[in-house]
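Here is my note for you, in numbered points. Keep the sequence and the structure open as you read.

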Amino acid sequence: MKFFIDTADVAEIRDLAATGLVDGVTTNPSLIRKSGRDFIEVIGEICEAVPGPVSAEVAATTLDGMLAEAARLVPIAPNVTIKVPLTWDGLKATKRLSQDGVKVNVTLCFSAAQALLAAKAGAAFISPFVGRLDDIGQEGLGLIADICQIYSQYETITTEVLVASVRSPVHVIEAAKMGADVATLPPAVLRQLVQHPLTDKGLAAFLADWEATGQRIV
Ligand code: E4P
């Protein structure tokens, strides 16, 4: 499973990218607002920090508007992925951009039917929002299972399932069991993945015993 980071905080991205475990980044208008920074500048810096796909979301809602914004965003760096909403115009933009060789991430997906349309339009990624479905009492992970199952029926579908709106390591693990291609993680969730109290306890015991031997390796 690939791990993307879901943030527009460049310092945080650089820090996590240093682990070598970050495969890409997703941003959205809310995350850009939170960063308090210029959109184009931030996307450029993120693209330099992480070699993998970096999603930059259009703000336009019409086909022409989306294409015009994509034309401004694509030249920023070769790893820019254009993020469009799951609307008819977004799907039309996906078709046009993917035909031109631009990678598109179709966002705000809340149903398997929407995911099928995005694949048909040529999306490189489909972003089903797990946490936001959980928030309204629906099973977000159930949607991931449905999409993974449906996509696996068709060899012609190359769209990657990008699990979004992730709130906990449980979302990540369950989605991985289903074979989801990517999870985009808030930095805090990525940091949580490494944690286990028995690891901390075990390491403390090993270090104490090692100290007692009085030996050194180097
Ligand atoms: C995905 O690309 C979105 O940016 C993100 O996962 C949305 O998550 P949220 O529901 O926590 O805002």
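**Notes on salt bridges and strands**

1. Start with R191. This residue is partly exposed, at 34% relative accessibility. Keep in mind that the model is predicted.

2. What does R191 form a salt bridge with? The partner is E12, and the closest N and O atoms are 2.4 Å apart. R191 belongs to helix 10 (residues 187–192), while E12 belongs to helix 1 (residues 10–17). The pair therefore ties together parts that lie 179 residues apart in sequence. E12 is partly exposed, with a relative accessible area of 23%.

3. Now look at E160 and K2. They form a salt bridge, with 2.7 Å between the closest N and O atoms. E160 sits in strand 7 (residues 160–163), and K2 sits in strand 1 (residues 2–6). Parts 158 residues apart in sequence are thus tied together by this pair. Is K2 buried, exposed or partly exposed? At 31% relative accessibility, K2 counts as partly exposed, because buried means under 20% and exposed means over 50%.

4. Turn to R37 and E45. Their side chains meet in a salt bridge, 2.8 Å from N to O. R37 is partly exposed, with a relative accessible area of 32%. E45 is partly exposed too, with a relative accessible area of 23%.

5. Which residues are linked with R37 and E45 in a network of salt bridges? They are R14 and E41. Trace the four residues R14, R37, E41 and E45 on the structure to see the network.

6. How many salt bridges does a search of the whole structure find? The search finds nine. Among them are R191 with E12, E160 with K2, and R37 with E45.

7. Go back to strand 1, the strand that holds K2. Strand 1 pairs with strand 8 (residues 182–185) in the parallel sense, over four bridges. Pick out F3 as a landmark: its bridge partner in strand 8 is A183.

8. Strand 1 also runs parallel to strand 2 (residues 24–26), and three bridges join them. Here the landmark is D6. Its bridge partner in strand 2 is T26.

9. Finally, follow the chain through these elements. What do strand 1, helix 1 and strand 2 make? Together they make a right-handed β-α-β unit. Two salt bridges from the points above reach into this unit. K2 of strand 1 pairs with E160 of strand 7, and E12 of helix 1 pairs with R191 of helix 10.

Methods. Residues numbered from 1 in each chain as written. Predicted model: local features only at pLDDT ≥ 70, side-chain atom pairs only at ≥ 80, totals over all residues. Heavy atoms only, no water. Helix = DSSP H or I, 4+ residues; strand = E, 2+ residues; numbered from the N terminus. Buried < 20%, exposed > 50% of the residue type's maximum accessible area, 1.4 Å probe, protein only. Pairing = 2+ DSSP bridges. Right-handed = clockwise from strand over helix to strand, strands pointing away.
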